[in-house]
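Here are my notes on this one, written so you can follow along with the picture. Have a look at it first, then read the points in order.

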Amino acid sequence: VGMIADLEGKASRATVENALLILENLDHRGARGCEVDTGDGAGILCGTPDGFMRRHFKEVGVELPPAGTYAVGNVFLPRSEEGLAEGKKILETTCAAVAGLKFLGWRTVPVDSDCLGKSAKTFEPSIEQCAVAADGYDTRRFEAALFVLRKKVMNAANALPDTPVYLCSLSARVINYKGMLTCPGLA
């Protein structure tokens, strides 16, 4: 485990690049699955990059409200068309039922699966990002409502055995990228 942080709280690409460098330098510790190119999991947690999210959600027709009043979720969904649609429906329907939240839309996360081992490719999910807005909540209450949403979505998905849904992160402050990757595979 490694950690990089800016002690003044300034967001920068350099912080992310240094975090990825730590991952590469931790590769000697193993963390491999049954194949040399399947990891047992690697990830990075960073502050939500507002400008980046704003640009990419706009490309799919989603206008984001001011920073801090929207959250981005990294969501693992089934690869089948039916499972993908059902997983998205679970999140959207559940979001509509949680007071103070408004579902804004989806974007597909571009991935490069070339670095994945056979096992990781077999179980690779469809990775989507959702945007959810606060409807009259302050930051603390918004994050609490997002936590409730995340738990309700996971419970609803777990009730349907053929619809695996996993919310890696859902926050207005941070975002988590992870997978069955080796450290260099994430970097």
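In what order do the four strands of the open sheet sit?

1. The order is β3-β4-β2-β5, with antiparallel pairing. Helices (H or I, at least four residues) and strands (E, at least two) are DSSP runs, numbered from the N terminus, and two strands pair if DSSP finds at least two bridges between them. At the edges you'll find β3 (101-108) and β5 (166-171), each pairing on one side only. From one strand to the next, the twist averages 20°.

2. A word on the source: this is a predicted model, where local features need pLDDT of at least 70, side-chain atom pairs count only at pLDDT 80 or more, and totals for chains, interfaces and linings use all residues. Residues are numbered from 1 along each chain as its sequence is written, and side-chain values use heavy atoms, leaving out hydrogens and water.

3. Now zoom in on β2 (residues 70-77) and β4 (residues 126-134): eight bridges join these antiparallel strands. Try finding asparagine 74, whose bridge partner in β4 is glutamine 129.

4. Helix α2 (residues 50-59) packs on the sheet and touches β2, β3 and β4 (contact means heavy atoms within 4.5 Å). Its direction makes about 65° with that of β2; axes are lines fitted to C-alpha atoms, for helices over the stretch in contact, and angles run from 0 to 180 degrees between N-to-C directions. Helix α5 (residues 139-158) lies across β2, β3, β4 and β5, at about 170° to β5.

5. Looking for disulfides (cysteine sulfur pairs within 2.5 Å)? The whole structure has zero. Cysteine 95 can't bond to cysteine 130, which holds the closest cysteine sulfur, because the two sulfurs are 7.7 Å apart, too far.

Conventions. Disulfide = S-S within 2.5 Å.
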